[in-house]
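Here is a briefing on one protein model. It covers salt bridges, a domain interface and some local features.

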Amino acid sequence: MSVRIFVPNDATAIACGADKVARAIEAGLAARGIVANIVRNGSRGLFWLEPLVEVETPKGRVGYGPVKPSDVESLLAAGLVHGADHPLSVGLVEEIPFLKKQTRLTFARCGIIDPLSLEEYKAHGGYKGLAKAIEIGPSATVEQVFESGLRGRGGAGFPTGIKWRTVAAAPADQRYIVCNADEGDSGTFADRLIMEADPFCLIEGMTIAGLAVGATKGFVYCRSEYPLSLQVMEKAIAIARTAGLLGKNVAGSQYDFDLEMRMGAGAYVCGEETALLDSLEGKRGVVRAKPPLPAHKGLFGKPTVINNLISLATVPVILEKGGAFYRDFGMGRSRGTMPIQLAGNIKFGGIFETAFGIPLGELVYDIGGGTASGRPVRAVQAGGPLGAYLPVHQFDTPFDYEAFAAKDALIGHGGIVVFDDTVDMAHMARFAMEFCSHESCGKCTPCRIGSTRGVETLDKIIAGNRREANLAVLTDLCQTMKLGSLCALGGFTPYPVLSALTHFPEDFGATPKLPAAAE
């Protein structure tokens, strides 16, 4: 059996030179007459080590990283194929603390398997969830998801089981499954990683959803910035179809289900479910007023399950191990695990899947290693570009939907962007308003006009023009946007603005609050 060497093939690793590294290893092996199988796996999500080259050894997979093409010759000379020591060696990959501390349920196969090998997917537990769903039938499948406590991982946190129950009960001649893979939040990459590292997991999850609610057709809505994801997903869908795992009589059952990829242009508002549906129908992505809910009248006017990609990719493990197994992770009403994405000015950036409840400070300092710049942390932004800024004195907040809401913050898609003490929070607040004005679909006045007036008002505050009066205008404007906007784009924009103003008033020229200890 030939040696297996793994070189990641996801967008992050490729951006860091993985393709050149793979070619250099191939050439070096050929020059030495060594027969080896170079597997282009997905990333494990330890991005500071990319490209992370791994070699299979009797004691486990030994890693080296970050590897440059110029490192390959010395790696081969040192004995890469045997997992020998080298200055770039990180030892057994499974023992790296960042990975070892995780509870990987949704991302269990990412970085381990060849993303397009159906055999490897099945060998690592793949399609056991679908087999279970076929065995217990649609109603029991919906109830397993309900029992798991799974909530939408895209931002709103709505219980997935309730959504599925509603669609299953809606009378219709056609129902749809739509996967929201329009991952637009700053610092997030979980959707992309699943599509590029474990695409069959999403395909299996959507197939289970189709079986559960009686839908025979599904669509994955992906943004244009993810061309590699589209490529990998389309290949995986074709493989699954050829294997009888999509199409008529899925896996030899009486159920039919097929799916297609759809590419959006990358408008942030198309991450909102109703705007996404408009875009999917070939229209301009504009938010629809609710009701009717998509569960009753969604894609092409039919009952539609529209879930975030991570929600759907989590379904296979729930069906395989049972709803009660998944529900036992987490805290309060936040059940299961969450792929938390650590980004920004952080030493160890990447994906960290863990049960809900881990304190924010532990994520930033113990897991992420603090700032990459080495300077003190000043704030983190959680929940994307419209999420709140949390100061250091709130770092004891557990990662939990309700605990974050109590701090006027959002979990969102699980992204955490770290800033050191050089950040200017007034300018970050202005960025949030400008982002909203740029991305607004224009349908409602508070979002369309409010964000533009917000940018103007912040410019006056930053310039010192009638600062106190304009701060009052800004606060009033934020309340109007929060309460009057049609969707979360306008409604959430006040979160970063008001949190920056509340916790860092000195950056706006206002009087600083009392020290944190007094709060």
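R333 forms a salt bridge with E402, with the closest N and O atoms 3.2 Å apart. A salt bridge here is a side-chain nitrogen of Lys or Arg within 4 Å of a carboxyl oxygen of Asp or Glu. The model is predicted: local features need pLDDT of at least 70, side-chain atom pairs count only at pLDDT 80 or more, and totals for chains, interfaces and linings use all residues. Residues are numbered from 1 along each chain as its sequence is written, and side-chain values use heavy atoms, leaving out hydrogens and water.

**The R333–E402 pair**

- This pair links distant parts of the chain, 69 residues apart.
- R333 sits in the loop between strand 10 (330–331) and strand 11 (334–335), while E402 belongs to helix 16 (residues 401–406).
- Helices (H or I, at least four residues) and strands (E, at least two) are DSSP runs, numbered from the N terminus.
- R333 is exposed at 56% relative accessibility, whereas E402 is partly exposed at 29%.
- Buried means under 20% relative accessible area, exposed over 50%, and partly exposed in between (1.4 Å probe, protein chains only).

**Other salt bridges**

- The rule counts 36 salt bridges.
- E506 and R378 meet in one of them, at 3.1 Å from N to O.
- That pair also links distant parts of the chain: E506 follows helix 21 (494–503), R378 lies in strand 14 (residues 377–382), and 128 residues separate them.
- E506 is partly exposed, with a relative accessible area of 35%, but R378 counts as buried at 15%.
- R44, E54, R61 and E94 form one network through salt bridges that share partners.
- R192 and E196 pair at 2.9 Å between their closest N and O atoms.
- Both R192 and E196 lie in helix 9 (residues 190–197), 4 residues apart, about one turn of the helix.
- R192 counts as buried because its relative accessibility is 7%, and E196 counts as buried because its value is 3%.

**Domain 2 against domain 4**

- The assignment gives domain 1 (3–101), domain 2 (120–328), domain 3 (330–420) and domain 4 (425–508); such bounds come from an automatic or database domain assignment.
- The centres of domain 2 and domain 4, taken over C-alpha atoms, are 34 Å apart.
- Contact (heavy atoms within 4.5 Å) involves 10 residues of domain 2 and 7 residues of domain 4.
- The two domains bury about 740 Å² between them, and carbon and sulfur atoms give 73% of it.
- In domain 2, Y268, V269 and V287 lose the most area to domain 4, together 59% of what that side buries.
- Buried area is the accessible area (1.4 Å probe) that two parts lose on being put together, summed over both.
- The rule finds 0 salt bridges across this interface.
- It finds 3 residue pairs in polar contact there, both residues at pLDDT 80 or more.
- A polar contact is a pair of N or O atoms within 3.5 Å; within protein, one must be able to donate a hydrogen and the other to accept it, and residues adjacent in sequence count only if both atoms are side-chain atoms.

**Local features**

- T141 lies in helix 7 (residues 138–148) and is buried, with a relative accessible area of 0%.
- Beyond neighbours within four places in sequence, T141 contacts A133, I136, I208, L211, A212 and L319.
- Helix 15 (residues 360–367) has L360, G361, L363, V364 and I367 as its buried residues.
- G369, just after helix 15, takes a positive phi of about 75 degrees.
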